[in-house]
Amino acid sequence: QVTADNVPPQVKLVHPFEGKVYVMEDDEWVSITAEATDDWSMDRVEFLLDGKPIGTSTVPPYSIRWTIAMSDTIPEPGRIISETKPITMPDGSIQLGEVAVMTTTEETLPDGTVRLIETWESGRTIISDTHGYTETHLIQLKAYDSAGNVAETEPVRILVTHKQEEETAGAWGIPARGPIALLPEPSGVARRRE
């Protein structure tokens, strides 16, 4: 008797949570923890940062550490980076075309502050204005069972910022001159789905 396993595993990102703030000078790494189970047998959990694999764990508790790094790149207004990639046309055909993988937008807040937002296709974002500098990253998990079935989590966005000398509590307990508050997804920018 042969039993076919066509049911993907179940996977959940336990830590970090959406909007978790890390301070470069205080936090050395981000601890990423997953819960994953399968009806038959688990193989591994793959950890992704901004769409790229950064580690794998084969035994519970499934976890890795990502050493925090910041680019400290100030966005340039109007800057766009494009790459030539295959594009699926409305008729189903595939052609090569230029695709924007990074765009920079500029917005003026009600208080007159000019904010620059650099958004990458991978989900990484850099937000810079006179109140601070914040980089965001997307963390996602893929769980594989022994039969090759795959399940993945929705991406969770974390914020990484520098320590500020002046720490005045702002909304939600986030320092007013520290990390920049979470923004909604910029208009016209969609998260890429694999």
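**Close-up views of an all-strand chain**

**Figure 1. Pro-61 is placed in the loop between strand 5 (52-57) and strand 6.** The model shown here and in the views below is predicted. The bond leading from Pro-60 into Pro-61 is a cis peptide bond, with omega near -5 degrees. A second cis bond joins His-15 to Pro-16, where omega is near 5 degrees. Pro-16 belongs to the loop that connects strand 1 and strand 2. As background to this view, most peptide bonds are trans, and a negative phi is found in most residues other than glycine.

**Figure 2. Two aspartates, Asp-50 and Asp-72, adopt a positive phi.** For Asp-50, phi is near 55 degrees, although the residue is not a glycine. This residue sits in the loop from strand 4 to strand 5. Asp-50 is classed as buried because its relative accessibility is 8%, and the cut-off for that class is under 20%. Asp-72 likewise is no glycine, and its positive phi is about 55 degrees. Asp-72 occupies the loop between strand 6 and strand 7. The relative accessible area of Asp-72 is 43%, so this residue counts as partly exposed.

**Figure 3. Asp-38 is buried and takes part in no salt bridge.** The residue lies in the loop that joins strand 3 (29-37) to strand 4 (42-49). Which side chain of opposite charge is nearest to Asp-38? It is that of Arg-44, at a distance of 12 Å. Contacts of the Asp-38 side chain with the backbone are present instead: it reaches the backbone nitrogen of Trp-40 at 2.9 Å and that of Ser-41 at 3.0 Å. When neighbours within four places in sequence are set aside, the residues in contact with Asp-38 are Asp-5, Val-7, Pro-8, Pro-9 and Asp-145.

**Figure 4. Asp-43 and Arg-44 form a salt bridge.** The closest N and O atoms of this pair are 2.6 Å apart. Arg-44 has a relative accessible area of 27% and is therefore partly exposed. Asp-43 is also partly exposed, because its relative accessibility is 33%. The search of the whole structure returns four salt bridges; two others are shown in Figures 5 and 6. In general terms, side chains of opposite charge can pair when their charged atoms come close.

**Figure 5. Glu-121 and Lys-85 are joined by a salt bridge with an N to O distance of 2.7 Å.** Glu-121 is located in the loop between strand 9 (114-120) and strand 10 (125-129), whereas Lys-85 is part of strand 7 (residues 80-88), so the pair ties together parts that are 36 residues apart in sequence. The two partners fall into separate accessibility classes: Glu-121, with a relative accessible area of 23%, is partly exposed, while Lys-85, at 19%, counts as buried. The cut-off between these classes is 20%.

**Figure 6. A salt bridge connects the side chains of Asp-129 and Arg-115, at 3.1 Å from N to O.** Asp-129 belongs to strand 10 and Arg-115 to strand 9; the pair links distant parts of the chain, 14 residues apart. Both Asp-129 and Arg-115 are buried.

**Figure 7. Three strands make up an open sheet in the order 1-3-6, with antiparallel pairing.** Strand 1 (10-15) and strand 6 (62-67) are the edge strands, each pairing on one side only. From one strand to the next, the twist averages 25 degrees. Six bridges hold strand 3 and strand 6 in antiparallel pairing. Within this pairing, Ile-32 has Ile-64 of strand 6 as its bridge partner.

**Figure 8. Strand 13 (residues 156-161) is mostly covered, with six of its six residues buried.** Which residues line the two covered faces of strand 13? Val-156, Ile-158 and Val-160 are on one side, and Arg-157, Leu-159 and Thr-161 are on the other. Strand 2 (residues 21-23) runs parallel to strand 13 and is joined to it by three bridges; here Val-21 is the bridge partner of Leu-159. Strand 11 (residues 132-145) runs antiparallel to strand 13, with six bridges between them, and Ile-139 stands opposite Val-156.

**Figure 9. The whole chain provides the setting for the close-up views.** The secondary structure consists of 13 strands and zero helices. Of the 194 residues, 38% are classed as buried. Among contacts with a separation of 6 or more, 53% are between residues 24 or more positions apart.

Technical notes. Residues are numbered from 1 along each chain as its sequence is written. This is a predicted model: local features need pLDDT of at least 70, side-chain atom pairs count only at pLDDT 80 or more; totals for chains, interfaces and linings use all residues. Side-chain values use heavy atoms; hydrogens and water are left out. Buried means under 20% relative accessible area, exposed over 50%, partly exposed in between (1.4 Å probe, protein chains only). Helices (H or I, at least four residues) and strands (E, at least two) are DSSP runs, numbered from the N terminus. Lys and Arg count as positive and Asp and Glu as negative; His and the chain ends are not counted. A polar contact is a pair of N or O atoms within 3.5 Å; within protein, one must be able to donate a hydrogen and the other to accept it, and residues adjacent in sequence count only if both atoms are side-chain atoms. Contact means heavy atoms within 4.5 Å. Two strands pair if DSSP finds at least two bridges between them. Axes are lines fitted to C-alpha atoms, for helices over the stretch in contact, and angles run from 0 to 180 degrees between N-to-C directions.
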